[in-house]
Amino acid sequence: MPPVLPAQPLVFVDLETTGATATVDRITEIGIVEVNEEGEVREWSSLVNPQTPIPAFIQGLTGINDEMVAQAPTFAELAEEVLSRLHGRLFVAHNARFDYGFLKNEFKRLGLDFKAPVLCTVKLSRQLYPQYSKHSLDALIDRHGLHMPARHRALADASVLWQFWQVLQRQIEPATLQQAVSQLTGRSSWPVHLDPALLDELPERHGVYLFYGDNDLPLYIGKANNLRQRILSHFSADHRIAKEMSLSQQVRRIEWIETEGEMGALLKEAQLIKQWQPIHNRRLRRSNELCTWRLIPLQRGDEEGLQPELAWARDLDWGEQHEVYGLFGSQRDALKTLREIAETSQLCLATLGLDKVPKGRPCFGYQLRTCSGVCVGSESLTAHSARLQNVLSNWRVRTWPFGGPVMAREGGSWHVLDAWCYLGSARTEAEVQALLRHGRPVFDKDTYKILVSWLPKLGSVISVNDGEVYSVSFPASSDTPD
Ligand SMILES: [Zn+2]
């Protein structure tokens, strides 16, 4: 049998840790098997002093205890060595996210940004052996008769992955294997016009991404809970609907902005879409035409009542109290909706000012019995106005409840908000002040809806003016319909 050579330099990695959470727990052992294109294999492993006690059940699982690691080097002392072994190689691990995430976090603690193309052997096994349901390391060892001297020690587990890789070379057609690897590392569908180096840089974090074509106007702006996954999904085979096809053919450059969480990503996305209006974003609401209904006094003889009046969102001060109803993308939408509401509620279109009728004459709806007759005096204007107010109450837009700008915390940053507008996100007092000086953008419906749904989830906000903490809970009833 000829030696099995990888098409690219590989590194098989396994870690032992103090627990399951990369941001909190620490590495106790690293095992690395490097294989270069000539088929040369180098093995390396080291215990790591985690600088924190190892929980008893983990000691039981791995056999690595506090005494064993007490004299071992810390990750900081090993970082350079580890980095040089991983650099420029395809990172292969079982449940690769776990090992990759732990190493990324350890490097991050040292101020180093570690990135590598990643291949997960669980996913690879699942794809190449779909007839089996189990793809744990133990399942692979049993199925393929892999040699296992010391389960749950880092180097032994890493070398099992190298053995698995050699089994694949013997059992799987080279083209099939290469295709599976390309697909799982995102390489198969990566657009030809995009720099392949970007692929390894895509972060697995919340954020907003912008696709650019040949010029400086974004073609598309989207938000993601995992930027890497979301961006790759645009290009992957199973999403190749016509729209995605044309987008992936046009894209020449990608930018992204990481955010602390989903709320920040949503707010940033709404802000950037408003700013750039990319051609591939379906949802194009022009804030400029956004309008709403408010009620103004109506005098008829001795009777006093109310009448709707159209108001442009851009003309209203949303930081003040406003009894306004509905948010509509255009004057046409606002009129159409009010007519429908009026007709189903037997309100009088003439009295509402929507139809013109000579004074003292019944409206057209009265003849069709869709008006209950306020125009001919069979209903009082007071009663009609009360019914109007009642019907519209379902559409009431919330009043900004905080009396001024507030800060809403998400992760390590603050979203600065005022009058249902997103001013931006800040990490320091100086940044907050800069955003306030810059002023409020135009009120828009997307941001309003994001804040109405997210502020109660955050639970509280802090007033920028006096530092007072407001708890946030909106009554569930008065959401503005779309
Ligand atoms: Zn009428």
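These are my notebook entries on a predicted model.

**Entry 1. Zinc site**

I began with the metal. The zinc ion takes its protein donors from the SG atoms of C348, C363, C371 and C375, at 2.3 to 2.4 Å. I then looked up the geometry: the angles among the four donor atoms run from 106 to 111°, and the site is tetrahedral. Along the chain, the donors follow the spacing C-x14-C-x7-C-x3-C.

I also asked whether two of these cysteines are buried or exposed: where do C371 and C375 fall? C371 has a relative accessible area of 5% and is therefore buried, the cut-off being under 20%. C375, with a relative accessible area of 15%, is buried as well.

**Entry 2. Cavities**

I next looked for enclosed space. The count is four cavities of 30 Å³ or more. The largest cavity holds about 50 Å³ of space. Its lining consists of E343, L347, C348, L349, D355, C363, F364, G365, T370 and C371. I note that C348, C363 and C371 in this lining are also donors of the zinc ion.

**Entry 3. Largest pocket**

I turned to the open space. The largest pocket has a volume of about 1,400 Å³. I recorded 46 lining residues, with R97, L202, E204, R228 and Q229 lying nearest the centre of the pocket.

Which elements supply at least two residues each to this lining? They are α4 (96–109), β5, α5, α8, α9 (197–201), α10 (227–235) and β8 (253–258). Helix α4 gives the largest share, eight residues.

**Entry 4. Helix α8**

As α8 appears in the pocket lining, I examined this helix separately. Helix α8 spans residues 174–184, and its buried residues are L177, A180, V181 and S182. An α-helix has 3.6 residues a turn, so residues three or four places apart point the same way. I then looked up what covers these buried residues; the cover includes β4 (90–93), β5 (118–120), α5 (121–128) and α7 (154–171). Just after the helix, G186 takes a positive phi of about 85°.

**Entry 5. Largest nonpolar core**

The largest nonpolar core has 39 residues, of which W318, L417, W420, F443 and L455 touch the most other members. Two or more core residues come from each of α12 (262–276), β11 (324–328), β12 (406–410), β13 (413–418), β14 (421–426), α16 (429–438) and α17 (445–458). The largest share, six residues, is supplied by α17.

I followed W420 further. Beyond its neighbours within four places in sequence, W420 is in contact with W318, R398, T399, W400, P401, F443, T447, Y448, L451, V452, L455 and F474. Among these partners are W318, F443 and L455, which I had already listed with W420 in the core.

**Entry 6. Two single residues**

I closed with S46 and E67. S46 sits in strand β3 (residues 41–47). At 13% relative accessibility, S46 counts as buried. Residues up to four places away in sequence aside, S46 touches T28, E29, I30, P73 and L78.

E67 belongs to helix α2 (residues 66–70). Is E67 buried or exposed? Its relative accessible area is 63%, which means that E67 is exposed, the cut-off being over 50%. I also looked up a separation: the C-alpha atoms of E67 and L210 are 50 Å apart, with these positions 143 residues apart along the chain as the numbering offset.

Key:
Residues are numbered from 1 along each chain as its sequence is written. This is a predicted model: local features need pLDDT of at least 70, side-chain atom pairs count only at pLDDT 80 or more; totals for chains, interfaces and linings use all residues. Side-chain values use heavy atoms; hydrogens and water are left out. Donors are N, O and S atoms within 2.8 Å of the metal (3.2 Å for Na, K and Ca); water is not among the atoms, so sites may look incomplete. Four donors count as tetrahedral if all angles lie between 85 and 135 degrees; four count as square planar and six as octahedral if opposite donors are over 155 degrees apart and all others between 65 and 115; anything else is irregular. Buried means under 20% relative accessible area, exposed over 50%, partly exposed in between (1.4 Å probe, protein chains only). A nonpolar core is a set of buried Ala, Val, Leu, Ile, Met, Phe, Trp, Tyr and Cys residues joined through side-chain atoms within 4.5 Å. Helices (H or I, at least four residues) and strands (E, at least two) are DSSP runs, numbered from the N terminus. Contact means heavy atoms within 4.5 Å. On a 1 Å grid over the protein atoms alone, a cavity is a set of points where a 1.4 Å probe fits but cannot get out, and a pocket is an open set with protein on both sides within 12 Å along at least five of seven lines; lining residues have an atom within 4 Å of a point. Grid points are joined across faces, edges and corners, and a volume is the space filled by probe spheres set on the points.
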